[in-house]
Amino acid sequence: MKELLLFLSCVLCVSADPLHSDIAIGGCSESDGENMYGLDGEEIAYADFNKQEFIYPQPPFIDPITVPGGYESSVAFQHSCRENMKLFGKGMKDYPPEQDAPSAVMIYTRDEVEFGEKNTLICHVTGFYPAPVNVSWTKNEQKVTQGSTINVPYPNKDGTFTQISRLQFTPQQGDIYSCAVQHLALTQPLTKIYGTHVKTEPSVHQNMGLTLGLVGVAAGTFFLVKGNECS
Ligand SMILES: *[C@@H]1O[C@H](CO)[C@@H](O)[C@H](O)[C@H]1NC(C)=O
């Protein structure tokens, strides 16, 4: 697993009472690499090594921030990072690399849902190490191959990472979406489901099913409330 070890150098600038906090991150593994600048928890610029350019994923209302020569210096960084990784790999070979599965996966929409109106589904994955995760989407159990993007790993204060995958979609009644997260520390993908449906009054029968389902997850108070409804 050593080849997946991600070497990172972070530069955090934080003063005693910071107005803003920026971050520069450079990292590599044998299969991945990242060079990114962030500000206040948002991506400002990153190197896209597939498109071979620096990407500025900023909304149009902020003052543009550019990094001249950003892509070229990222390529140079990746080269030295991989060289250094070989040396670190030798020096650290007796230490097993740390692995933390994602501590939370959340699925939600960017905007309030209006059926028939374009929206974005967000799959927010956090608390994992090392980076990255893979996120795949399904719609009504069919794999979605278009319309999704994922940002580069963003470091958290505790040294773990966050990644956010987005899927353009138009909510229609009854459609069910899922995002499945793969990570080195997971033996099977972590899946979260998002369903768009009209709320109906559950029948007593449905309540019973829900109650039984929840007992397994040790939701004691939920059981009592639902139990009362059923009696
Ligand atoms: C992510 O997907 C790539 C390409 O399919 C694969 O090589 C890699 O092992 C996957 N990573 C994880 C953590 O599952």
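Where is E141 found? In this predicted model, E141 turns up in the loop between β8 and β9. Its backbone is a bit unusual: phi of E141 is near 70 degrees, a positive value in a residue other than glycine. With 8 other C-beta atoms within 10 Å, E141 counts as exposed, because the cut-off for that label is 12 or fewer. D40 tells a similar story. This residue, not a glycine either, has a positive phi of about 50 degrees and sits in the loop between β3 (33–39) and β4 (42–48). D40 has 11 C-beta neighbours inside 10 Å, so D40 is exposed too.

Now to the sheet around E141's loop. Here four strands make up an open sheet, running in the order β9-β8-β13-β14 with antiparallel pairing. At the edges are β9 (142–144) and β14 (190–195), each of which pairs on one side only. On average, and ignoring direction, neighbouring strands of this sheet are turned by 30 degrees against each other. Inside the order, β8 (residues 134–139) and β13 (residues 176–182) are joined by six bridges in the antiparallel sense; on the β13 side, Y177 is the bridge partner of K139.

The loop between β7 (119–128) and β8 holds P130, and P132 lies there as well. Both prolines follow cis peptide bonds: the one from Y129 to P130 has omega near -5 degrees, while the one from A131 to P132 has omega near 5 degrees.

Then there is the ligand. Around it are N134, Q182, H183 and L184. By type, the residues of this shell split into one nonpolar and three polar, with no charged residue.

Definitions and conventions
Residues are numbered from 1 along each chain as its sequence is written. This is a predicted model: local features need pLDDT of at least 70, side-chain atom pairs count only at pLDDT 80 or more; totals for chains, interfaces and linings use all residues. A residue is near a molecule or strand if its C-beta atom, placed from the backbone, lies within 6 Å of it. Ala, Val, Leu, Ile, Met, Phe, Trp, Tyr, Cys and Pro count as nonpolar, Asp, Glu, Lys and Arg as charged, and the others, Gly among them, as polar. Two strands pair if DSSP finds at least two bridges between them. Helices (H or I, at least four residues) and strands (E, at least two) are DSSP runs, numbered from the N terminus. Axes are lines fitted to C-alpha atoms, for helices over the stretch in contact, and angles run from 0 to 180 degrees between N-to-C directions. A residue is buried if 20 or more other C-beta atoms lie within 10 Å of its own, exposed if 12 or fewer, and partly exposed in between; C-beta atoms are placed from the backbone.
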